[in-house]
Amino acid sequence: MSTPIDLNALKNRQMVSWASGDYAVIGTTLQIVGEQLAEACDLRCDEQVLDVAAGNGNATLAAARRGCKVTSTDYVPALLERGEDRARAERLEVIFQVADAEALPFEDASFDVVLSTFGVMFTPDQAKAAAELARVCRPGGRIGLANWTPEGFVGQIFKTLGRHLPPPAGAQPPSLWGTEAHLQTLFADSAANIAVTRRLFNFRYRSAAHFIEVFRTWYGPVHKAFAALEADAALALEHDLTELLNSLNRAGPDSLVVPSEYLEVVITRR
């Protein structure tokens, strides 16, 4: 009989991982995803919007630029500080609050729209996180998500990391949020409608080596993976990532452009 996974311990490890490096260096390159999600959710001036697992605030800024009243949350305070710096630079009024996506400190039906771009998908207790998104969204409101797919480039990065550093037994892969069937399961009781659009985000770097250098320095999960491996094992991981990047590169030998599939999801709250 397998031992149940300790979700709290996993969450603590993840928190350390996302606090390492500096996700904002990567996150700012993903801004277009937040803008597209804001349009997909058809945000309106003065709507109450919550950004969950907001990171450095891409969806936060997109909603604030559209005149919404935005609350931006994450469980890593340093990331919220980066979002706050960006909002201040644009003279945008945003409330920033430390919060756990699995236990949001807000009343039921507090928000017109709840957003998360490549954030809530990384929660250890996926069912609890989905229930929290639905709980704080008003009936008739929208939940907007951007989730990497298992088959896409980022999904393959995590599979590669998992071959070198296997995840805890029983942990659900984050990329499940990038499958329509899992979304239907997570939101079966709360969704009146789930609209899914497959999109591509293009990672643009000088080369595979440049991508790996940036991600092993700044992107928490990759940073922690390299730090946990002995020298030979780290070289093996670097080799596998290089092979993956080069196999998907559509820019030719002089640059790196790698498309990564994600699901843009708009859920209408029942």
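Q: Which helices each supply at least two residues of the lining of the largest pocket?
A: Those are α1, α7 and α10. Just keep in mind that this is a predicted model.

Q: OK, and which one gives the largest share of that pocket's lining?
A: That's α1, with 7 residues.

Q: What volume does the largest pocket have?
A: About 890 Å³. It is lined by 31 residues, and the ones closest to its centre are Gln-14, Phe-158, Leu-165, Pro-167 and Pro-168.

Q: How does the lining of the largest pocket split by class?
A: You get 21 nonpolar residues, 7 polar and 3 charged.

Q: You mentioned α1 and α10. At what angle do those two pack?
A: About 100°, and their axes sit 7 Å apart. That puts α1 roughly perpendicular to α10.

Q: Which residues meet there?
A: From α1 it's Val-16, Ser-17 and Trp-18, and across from them in α10 are Gly-220, Pro-221 and Lys-224. Sorted by class, the contact has 3 nonpolar residues, 2 polar and 1 charged.

Q: What about α9 against α10, how do their axes cross?
A: At roughly 90°, with the axes of α9 (residues 208-218) and α10 coming within 5 Å. So α9 and α10 are roughly perpendicular to each other.

Q: And who touches whom in that one?
A: On the α9 side you have Ile-212, Phe-215, Arg-216, Thr-217 and Trp-218. In α10 their counterparts are Gly-220, Val-222, His-223 and Phe-226. The contact of α9 with α10 comes out as 5 nonpolar, 3 polar and 1 charged. Gly-220 turns up in the contact with α1 and in the one with α9.

Q: Switching topic: how many cavities of 30 Å³ or more does the structure hold?
A: There are 3. The largest has a volume of about 330 Å³, and the second largest is about 110 Å³.

Q: Which residues lie nearest the centre of the largest cavity?
A: Trp-18, Ala-53, Asp-74, Tyr-75 and Gly-119, out of 25 that line it. Trp-18 is also one of the α1 residues that meet α10.

Q: Which helix gives the largest share of the largest cavity's lining?
A: Helix α1 (residues 7-19), with 3 residues.

Q: How many charged residues are in the lining of the largest cavity?
A: There are 4, alongside 14 nonpolar and 7 polar.

Q: And what classes line the second largest cavity?
A: That lining has 13 nonpolar residues, with no polar and no charged ones.

Q: Which of them are closest to the centre of the second largest cavity?
A: Trp-148, Val-154, Phe-203, Phe-215 and Tyr-219. Two elements give two or more residues to that lining, α2 (23-27) and α7 (153-164). The largest share, 3 residues, comes from α7. Phe-215 is also among the α9 residues that meet α10.

Q: Now the sheet. What order do its strands run in?
A: The order is β3-β2-β1-β4-β5-β7-β6, so to speak reading across an open sheet of 7 strands with mixed pairing.

Q: Which strands are at the edges?
A: β3 (94-98) and β6 (191-205), each of which pairs on one side only. From one strand to the next, the twist averages 20°.

Q: Are β5 and β7 paired in the parallel or antiparallel sense?
A: Antiparallel, over 7 bridges between β5 (residues 137-148) and β7 (residues 256-269). As an example, Arg-142 has Thr-268 in β7 as its bridge partner.

Q: Which strands does helix α3 touch?
A: Helix α3 (residues 31-40) packs on the sheet and touches β4 (111-117), β5, β6 and β7. Its direction makes about 30° with that of β7.

Q: And which strands does α6 lie across?
A: Helix α6 (residues 126-136) lies across β1 (48-51), β4, β5 and β7. Relative to β5, α6 runs at about 140°.

Note on methods: Residues numbered from 1 in each chain as written. Predicted model: local features only at pLDDT ≥ 70, side-chain atom pairs only at ≥ 80, totals over all residues. Heavy atoms only, no water. 1 Å grid on protein atoms, 1.4 Å probe; cavity = no way out; pocket = protein on both sides within 12 Å on 5 of 7 lines; lining within 4 Å. Points joined across faces, edges and corners; volume = space filled by probe spheres on them. Helix = DSSP H or I, 4+ residues; strand = E, 2+ residues; numbered from the N terminus. Nonpolar A, V, L, I, M, F, W, Y, C, P; charged D, E, K, R; others polar. Axes fitted to C-alpha atoms, helices over the stretch in contact; angles between N-to-C directions. Parallel < 35°, antiparallel > 145°, perpendicular 65-115°, else oblique. Contact = heavy atoms within 4.5 Å. Pairing = 2+ DSSP bridges.
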